[in-house]
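Q: I would like a close look at one part of this model, set out in connected prose. Please begin with the pairing of strands and work outwards from there.

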Amino acid sequence: MIAMEPVMDGDSVASISEIDERLRPKAVQCIIRTLVQMLSSGVVTTDVQPLISKATGEVLFIDMTEAKIVFTSGDVIPFVDLALAQSFVSEMIGLIPSDSPDELIR
């Protein structure tokens, strides 16, 4: 936590539902942007750990020790890589409350 203090001010939570409603669209956008960036880079993780700023709605993902590089070569994606990617997408989408308006994720 000491190393993260310059990045997050200590006023962070792990769930979108714990931040002000006006900041939730920003948090959802951060989650989806990170999801797309990681997938397009061929990186997935099965242990998603977000820190969401209660002041800004910015999301910082921490502890990427379980991250793996997948989709590195060839036209055929191995089944295990597809399974990891599906698990990663499910975890990331699971961070978004199910009662979020559809326009937040468009």
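How many bridges join E1 to strand E3, and in which direction do the two run? Please then describe what surrounds this part of the chain.

A: In this predicted model, two bridges join E1 to strand E3, which spans residues 50–53, and the two strands run antiparallel. Within this pairing, Val13 stands opposite Ile52 in E3. The pair belongs to an open sheet of three strands, whose order is E1-E3-E4 and whose pairing is antiparallel. Strand E1 (12–13) and strand E4 (59–61) stand at the edges of that sheet, and each has a single partner strand, so one side of each is left without a neighbour in the sheet. As a general point, the strands of a sheet pair through backbone hydrogen bonds, in either a parallel or an antiparallel manner.

For the wider setting, the chain holds two helices and five strands, and when read along the sequence it follows the pattern β-α-β-β-β-β-α. Of its 106 residues, 33% count as buried. Among contacts between residues at least 6 apart in sequence, 72% join residues that are at least 24 apart.

The sheet is met by a helix: H1 lies across E3 and E4, and H1 runs at about 35 degrees to E4. One residue to follow here is Thr34, whose place is in helix H1. Thr34 has a relative accessible area of 16% and is therefore buried, the cut-off being under 20%. If its neighbours within four places in sequence are left aside, Thr34 is in contact with Phe61 and Met92. Of these two partners, Phe61 falls within the residue range of strand E4 (59–61), while Met92 is one of the H2 residues that meet H1.

That second contact leads to the packing of the two helices. The axes of helix H1 (residues 24–40) and helix H2 (residues 79–94) come within 10 Å of each other and cross at roughly 170 degrees, which means that H1 is roughly antiparallel to H2. On the H1 side the residues involved are Ile31, Thr34, Leu35, Met38 and Leu39, and these meet Ala85, Phe88, Val89, Met92 and Ile93 in H2. Sorted by class, this contact of H1 with H2 has nine nonpolar residues, one polar residue and no charged residues. The polar one is Thr34, because threonine is not among the residue types counted as nonpolar or charged.

Charged side chains do appear elsewhere, and a search of the whole structure finds two salt bridges. In general, side chains of opposite charge can pair when their charged atoms come close. One of the two salt bridges joins the side chains of Lys26 and Glu58, with an N to O distance of 2.8 Å. This pair links distant parts of the chain, since Lys26 is in helix H1 whereas Glu58 is in the loop between E3 and E4, 32 residues apart. Lys26 is partly exposed, with a relative accessible area of 32%, and Glu58 likewise counts as partly exposed, at 31% relative accessibility.

The other salt bridge is formed by Asp20 with Arg22, whose closest N and O atoms are 2.9 Å apart. Here Asp20 counts as partly exposed at 33% relative accessibility, whereas Arg22 is exposed, with a relative accessible area of 72%.

Note on methods
Residues are numbered from 1 along each chain as its sequence is written. This is a predicted model: local features need pLDDT of at least 70, side-chain atom pairs count only at pLDDT 80 or more; totals for chains, interfaces and linings use all residues. Side-chain values use heavy atoms; hydrogens and water are left out. Axes are lines fitted to C-alpha atoms, for helices over the stretch in contact, and angles run from 0 to 180 degrees between N-to-C directions. Helices (H or I, at least four residues) and strands (E, at least two) are DSSP runs, numbered from the N terminus. Angles under 35 degrees count as roughly parallel, over 145 as roughly antiparallel, 65 to 115 as roughly perpendicular and the rest as oblique. Contact means heavy atoms within 4.5 Å. Two strands pair if DSSP finds at least two bridges between them. A salt bridge is a side-chain nitrogen of Lys or Arg within 4 Å of a carboxyl oxygen of Asp or Glu. Buried means under 20% relative accessible area, exposed over 50%, partly exposed in between (1.4 Å probe, protein chains only).
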